[in-house]
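I opened my notebook to go through this model one feature at a time. Here are my entries, in the order I looked things up.

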Amino acid sequence: MKKLKKYRLYIIFFSLVFVLSLTLILTSCGNKNIEIFKNNISEARYNFFKGETSGYEVTLTCGVRESDFKLNGYHTENVEFGVLTIVLPKDVEYTDNATYKLDYGNKTISGNLEQNPFDSSLMADVGFIIENVDNIKVTFKMGNITKYINLYDVTSNFNYNYESALELFVNENYKELKEFIGGNELKAEVYVKIMYDNQIDSNYYFLIRVIGRQGKVVSGIVNPVSGEILAVNFDNL
């Protein structure tokens, strides 16, 4: 009887060791697979500032993206960016002398704006990340027009940032995404953008795209407040 009890104890002990070891292995693999996606981010938007006055809609979003920006499934070196966008009222015509000035914290930067040929908005890349500020004052000038717009960081109300949103997306869709992994290499690149849509409760969402080298794309929408994955699509470039 004593031998039987001892034998049962051995079984229980080794079963616990096996379960613990298996749990550690699976956890380790999961973390490693999440990191491989993070290490291949070709664009990530960290924050999103927004403001409006007299029909002028102004946004600023900052983050990192590839210096050689190509949607080809290969991740290359990232550089910082800060894209300022100004949408003019419908009754205001663009002239080619549009400028901006940004005041934030105790710093000031300024430059010229160019017209986006796709949607006629005015744009400029300040070339670096502006963060850890609550608001930014924008001075916009074009011809005899001068406008002052205060921008506020809408992402300060998010419960998820670009990294935690990506983790949710990868964990939820790992069955489909794991085919992009070959050995220790992700044969794809990742894009995480902040988008606006007033049809969504939070008004904003993370658009996540994983683009494979063969043109396959897995994309999804993540609510930055609730963490809910609102949609997942499978497509090709």
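**Entry: Lys 216 and Glu 179.** I started with the salt bridge between Lys 216 and Glu 179, where the closest N and O atoms are 3.1 Å apart. This pair ties together distant parts of the chain, with the two positions 37 residues apart in numbering. I found Lys 216 in strand β14 (residues 216-222), while Glu 179 sits in the loop between α3 (174-177) and β10 (181-182). I then checked the cover on the lysine: Lys 216 has a relative accessible area of 26%, so I noted it as partly exposed. A reminder to myself: this is a predicted model.

**Entry: the other salt bridges.** How many salt bridges does the structure hold? I got 7.

I looked next at Lys 38 and Glu 35, whose side chains meet in a salt bridge at 3.8 Å, N to O. Both belong to helix α1 (residues 2-38), and because they are 3 residues apart there, about one helical turn separates them. Is Lys 38 buried or exposed? Its relative accessibility is 16%, so Lys 38 counts as buried; the cut-off for that class is under 20%. Glu 35 comes out at 37% and therefore counts as partly exposed.

I also followed this pair outward. Glu 35, Lys 38 and Glu 167 are linked in a network of salt bridges.

Then I turned to Lys 70 and Asp 68, another salt bridge, with 3.8 Å between the closest N and O atoms. Lys 70 has 43% relative accessibility and Asp 68 has 40%, so I wrote down Lys 70 as partly exposed and Asp 68 as partly exposed.

**Entry: a nonpolar patch.** Which residues make the nonpolar surface patch of about 290 Å²? I listed Phe 69, Leu 71 and Leu 237. Leu 237 lies in the segment after β15 (229-236). With a relative accessibility of 56%, Leu 237 counts as exposed.

**Entry: Ser 121.** I wanted a loop residue with some cover, and picked Ser 121, in the loop between β6 (114-115) and β7 (122-125). Its relative accessible area is 5%, so Ser 121 is buried. What does its side chain meet? I found a polar contact of 2.7 Å between the side chains of Ser 121 and Asp 119. Setting aside neighbours within four places in sequence, I noted that Ser 121 is in contact with Thr 85, Ile 86 and Val 87, and also with Glu 114, Gln 115 and Asn 116.

**Entry: Gln 199.** For a second loop I went to Gln 199, between β12 (188-196) and β13 (204-212). Gln 199 counts as exposed because its relative accessibility is 67%. Its side chain makes a polar contact of 3.2 Å with that of Asn 198.

**Entry: the whole chain.** I finished with the totals. The chain has 3 helices and 15 strands. Of its 237 residues, 40% are buried. Among contacts with a separation of 6 or more, 57% are between residues 24 or more positions apart. The exposed area of the chain is about 14,200 Å², and carbon and sulfur atoms supply 49% of that area.

Conventions:
Residues are numbered from 1 along each chain as its sequence is written. This is a predicted model: local features need pLDDT of at least 70, side-chain atom pairs count only at pLDDT 80 or more; totals for chains, interfaces and linings use all residues. Side-chain values use heavy atoms; hydrogens and water are left out. Patches are made of residues with over 30% relative accessible area and no salt bridge: like charges are joined within 9 Å, nonpolar side chains (Val, Leu, Ile, Met, Phe, Trp, Tyr) within 5 Å. Accessible areas come from the Shrake-Rupley method with a 1.4 Å probe; for residues, only the protein chains shown count as cover. A salt bridge is a side-chain nitrogen of Lys or Arg within 4 Å of a carboxyl oxygen of Asp or Glu. Helices (H or I, at least four residues) and strands (E, at least two) are DSSP runs, numbered from the N terminus. Buried means under 20% relative accessible area, exposed over 50%, partly exposed in between (1.4 Å probe, protein chains only). A polar contact is a pair of N or O atoms within 3.5 Å; within protein, one must be able to donate a hydrogen and the other to accept it, and residues adjacent in sequence count only if both atoms are side-chain atoms. Contact means heavy atoms within 4.5 Å.
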